[in-house]
Amino acid sequence: MQRCEMPLTDLITYCDYLSGDFAAEASLVNRVEAHLEDGQCRNCQERIRRLAKIESLGSDLFASVELDDKLLGQVVSELPRRSQRLIPLRANSDQALTEAELHALVRSGATDADAVVTRVSFLGDLKTLGAPIHVVARIAVRFGVPLQSAARRVRRALAHTLAEATDFWVQAIDIEVIDVLPPDAAKME
Amino acid sequence: MGERTRMDLSQLPDGVLVDLVVDGDADAFAHLARRYGGQMRAMALRYTGNSADADDVVQEALVSAWEKMYTLRDGDAVRAWLMRLAARKAIDLVRGRKEHVELTPQSQGNNCPETRALTRAGIADLEAALAQIPPIQAQAWLLHHGSEMSYFEIAAQLGVSVATVRGRIARARQSLLEQMEGWR
């Protein structure tokens, strides 16, 4: 392949500019682009292509090792506990859950095969039973499932879960669809 | 809590798992840790040079991830975020261990099971090429292209200027391109 006069450092600066890593002087960018666009310098095109391929190998260097189950188990078992604030559930008993447990209860109760509740927010004074509560749930819905019906189903399940487990005065439940999940492979077969 | 079993967490995309983690779901966190913990450990092993330290790095990085996941704006970028967390922890550990010594990527040698798993020809060529260039250049290149840290993050972590980082990475790229001339 015939060599050209374009310095490799200029090509590297140009690649930095393309990837957004670093600003480059307009004169350099214009010079390199003019050099590449005339279609004459296959050498530089090949060098840029190879630079990109070598760089993509960088992340592959770390891609082939699995995490030991024992280490993973240890990490998970020692995670610091989240929000331990106790939330009273019933007016006529001392029954209570931590805030983290309450979130888990709601996520679990309202998640089904086609929609997963990813995050729950309680707006209002949870510590005071009888105070109005506004619930916002973020959900991800399976591809192909109508969003409105999934949202209605989750809203019903969420209201049911809270009604069964608590004496909260739930004024409103808003559902926010944040993502679409891959189709269910079992249903496609 | 039986309803949850209807949804296989391992099938969920990163962004959804991140949202669950922010809400306090430890099972979702375990799935993310399983998905990317191996890559974090491989990277930590390269910097620390031994399994025990690499395990410590991964453990510390994952605990930080659990505590700070709410700061992640784009859940789909969680892999890069986790790799950066682990890289920072690894650098801190090596810096604490070897005061005034330049950090160097560690060659793992052929006896390491993790290395034996890296069989693809391109990766082997890259390993060989990285071993031929100055360690500080290889380190900067790996932090940028392996751990997806920005020039600014690398500069802050290593305590050098952005221009220095950029220079090291540019020289590394030049050397790698020259050494992998025959690679396609």
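# A tour of the sheet and the chain A–chain B contact

Start with chain A: select S4(A) and S5(A), which pair in the parallel sense over 11 bridges. Strands (E, at least two residues) and helices (H or I, at least four) are DSSP runs numbered from the N terminus, and two strands pair if DSSP finds at least two bridges between them. This is a predicted model, in which local features need pLDDT of at least 70 and side-chain atom pairs count only at pLDDT 80 or more, while totals for chains, interfaces and linings use all residues. Residues are numbered from 1 along each chain as its sequence is written, chains are lettered from A and ligands numbered from 1 in the order in which they are written, and side-chain values use heavy atoms, with hydrogens and water left out.

Within this pair of strands, pick A:Val136, which stands opposite A:Asp174 in S5(A). Now add S3 of chain A: the three strands form an open sheet in the order S3-S4-S5, with mixed pairing. S3 and S5 of chain A are at the edges with a single partner strand each, so one side of each has no neighbour in the sheet. From one strand to the next, the twist averages 20°.

Next, select residues 147-165 of chain A. This is helix H6, which lies across S3, S4 and S5 of chain A and runs at about 140° to S5(A). Axes are lines fitted to C-alpha atoms, for helices over the stretch in contact, and angles run from 0 to 180 degrees between N-to-C directions.

Show the side chains of A:Asp10 and A:Arg31, which meet in a salt bridge (3.0 Å, N to O). A:Asp10 lies in helix H1 and A:Arg31 in helix H2 (residues 26-37) of chain A, so the pair ties together parts 21 residues apart in sequence. A salt bridge is a side-chain nitrogen of Lys or Arg within 4 Å of a carboxyl oxygen of Asp or Glu. Over all chains the count is 21 salt bridges.

Now bring in chain B. How many residues does each chain give to the contact? Chain A gives 62 residues and chain B gives 65, where contact means heavy atoms within 4.5 Å. About 5,700 Å² is buried between the chains, and carbon and sulfur atoms give 64% of this. Buried area is the accessible area (1.4 Å probe) that two parts lose on being put together, summed over both.

For one link across the contact, select A:Arg107 and B:Asp23, whose side chains meet in a salt bridge (2.6 Å, N to O). The count between chain A and chain B is eight salt bridges.
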